[in-house]
Amino acid sequence: MNSDKYDIAVIGSGPGGFTAAVRSSQFGARVVLIEKSFMGGTCLNCGCIPTKFLWQALKMKQKIQKSYEYGFKTFLEPIVFADIVAKKDKNISSIRKGMDLVLKSHDVTVVSGAASFKDKNTLRVLNDGNSTNIFADKIIIAVGTDPLIIKNLEFDRVKIIDSTDVLNLQKIPKNMLIIGGGVIGIEMATIFAGFGCHITLAERENKLLPNEDNEISEEIKKNLLRQDVEVLTECTNALDNLDNMDKYEKVLIATGRTPKGDLNLEKANIKITKNGFIETDEFCQTSTSNIYAVGDIAGKTLLAYTAQNEGAIAAENGVKGNSIKIDNSVVPQVVFAMPQSSSVKVSNFLNYKDIIFGKFSLTASSRAFIENERLGFVKCAVDKVTKRPLAFWIIGAHCDELVNTASQILKNGIKLSRETMFHPSFGESLFNAYEDAFGMCTEITRKKVK
Ligand SMILES: Cc1cc2nc3c(=O)[nH]c(=O)nc-3n(C[C@H](O)[C@H](O)[C@H](O)COP(=O)(O)OP(=O)(O)OC[C@H]3O[C@@H](n4cnc5c(N)ncnc54)[C@H](O)[C@@H]3O)c2cc1C
């Protein structure tokens, strides 16, 4: 049995673990990163990147089909979906190589294998029957989550599949039932309907994206209906209520995520919540003081960018002693439907009593005309007293980029001003919605006073 000693050991190479490893090394620590599967975690291999690649492929198809709007005469050959999937895999593998290079340049040692705790400073790493011990002063756990499985449902990975399986289908099914109308369900419905699969999307609550603003949920539903997706809400138990499962070629379960649980946490006295996530404080520290946990496994937001942020925080606290805290006061959300939607609001939004709203439709945006992307709107909430924006809800092309600007505006309490907005741009729509809150948008028709 081999053994080795490090300042920091990181378990898991997803966005949380990768960032934690590189940042720890940047602070001068001797770092080991342990990964049991592919470099990049859920995000790169079966999450953010593959879904957005397939979404982009669909967007490309639509652009080719609509190129006549710009005076082109083009013809789209029949699509071989397996070719698109192969391109996706090639891109993923290039990104993986890039990650390896970054880790190497920062002198991070990468060890393949599944880690579990022997005690609070010792990890046992198993790889192909070989066992190694790794000792570290500090350990950062970033092992992520798995797709949630519905109890008593035979999960055969052929007909009943999860979000990882669906991303590797080589052929578009004739039809597919998607259970779960959250972000993942909607993104898969959009992609697969766009490539010709008949989709039934079943959600337990009375609207898609149950926690999202009603107008955004409604607009997403409208756009899915435009894509011929059948949307069912209030399916309290979708599987019981749906009379005939035989009629579906595939059934995708997209009902949530569950924490990974094979780490022997009890050997290091690490406490977990009742749902199995690792308990952490605002420093990302667990109940055992030399051990931190970040990203999905800590169960706070289940997003790649918050995992990266927590990874950087845990690294700094681990190397230098606890000094920085998580600040989730402004966290944007994005859904890659067609078109995309995004939203961001200050976390104490409900404390504001005097809120005014403005709205700007993309049908009035000159850039939306130029890009032939006129579906959607920007809605803005403003504190009437200070005139500071408190929230943005955006649906439409490029809103995944716009929401970054919107988030910085909210985080820094900035009032919007015209001279900082390039014309013609989609970004102007943020300003126009903001001005509309005061009845002063110059780009739209005057509202009649009744
Ligand atoms: C379909 C889908 C689409 C998504 N789209 C987005 C998106 O657009 N934007 C976004 O922000 N988020 C998105 N997410 C969520 C995002 O992927 C996760 O929030 C993010 O990957 C979490 O990062 P992490 O570092 O916590 O864990 P992960 O990325 O899950 O990485 C954990 C890593 O730990 C490894 N590991 C686990 N156990 C061990 C062990 N015992 N020993 C060694 N290694 C171990 C795993 O193999 C894995 O590589 C999506 C998720 C899914 C499923």
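This report covers the ligand shell, one open sheet and a helix that packs on it.

The model is predicted. In it, 35 residues surround the ligand. The closest are G12, G14, G41, G144 and G295. By type, the shell divides into 17 nonpolar, 13 polar and 5 charged residues. Several elements give two or more residues to this shell, as tabulated here.

| Element | Residues |
|---|---|
| α1 | 15-26 |
| β2 | 31-35 |
| α2 | 41-46 |
| α3 | 48-65 |
| β4 | 114-119 |
| α9 | 304-320 |

Next comes the sheet. It is open and has 5 strands, in the order β8-β12-β9-β10-β11, with parallel pairing. β8 (160-161) and β11 (230-232) stand at the edges. Each has a single partner strand, so one side of each is left without a neighbour in the sheet. Strand β9 (residues 175-179) pairs with strand β12 (residues 250-253) in the parallel sense, over 4 bridges. L177 has V251 in β12 as its bridge partner.

Helix α6 packs on this sheet. The helix touches β9, β10 (198-202) and β12. Its direction makes about 165° with that of β10.

How many residues does α6 have, and how far does the helix reach from its first C-alpha to its last? Helix α6 (residues 183-194) has 12 residues and reaches 16 Å, close to the 16 Å expected at 1.5 Å a residue. The helix is mostly covered: 12 of its 12 residues are buried. Among them are V183, I186, E187, T190 and F192. Just after α6, G196 takes a positive phi of about 105°.

Conventions: Residues are numbered from 1 along each chain as its sequence is written. This is a predicted model: local features need pLDDT of at least 70, side-chain atom pairs count only at pLDDT 80 or more; totals for chains, interfaces and linings use all residues. A residue is near a molecule or strand if its C-beta atom, placed from the backbone, lies within 6 Å of it. Ala, Val, Leu, Ile, Met, Phe, Trp, Tyr, Cys and Pro count as nonpolar, Asp, Glu, Lys and Arg as charged, and the others, Gly among them, as polar. The expected span of a helix is 1.5 Å times one less than its number of residues. A residue is buried if 20 or more other C-beta atoms lie within 10 Å of its own, exposed if 12 or fewer, and partly exposed in between; C-beta atoms are placed from the backbone. Two strands pair if DSSP finds at least two bridges between them. Two residues are in contact if their C-beta atoms, placed from the backbone, lie within 7 Å. Axes are lines fitted to C-alpha atoms, for helices over the stretch in contact, and angles run from 0 to 180 degrees between N-to-C directions.
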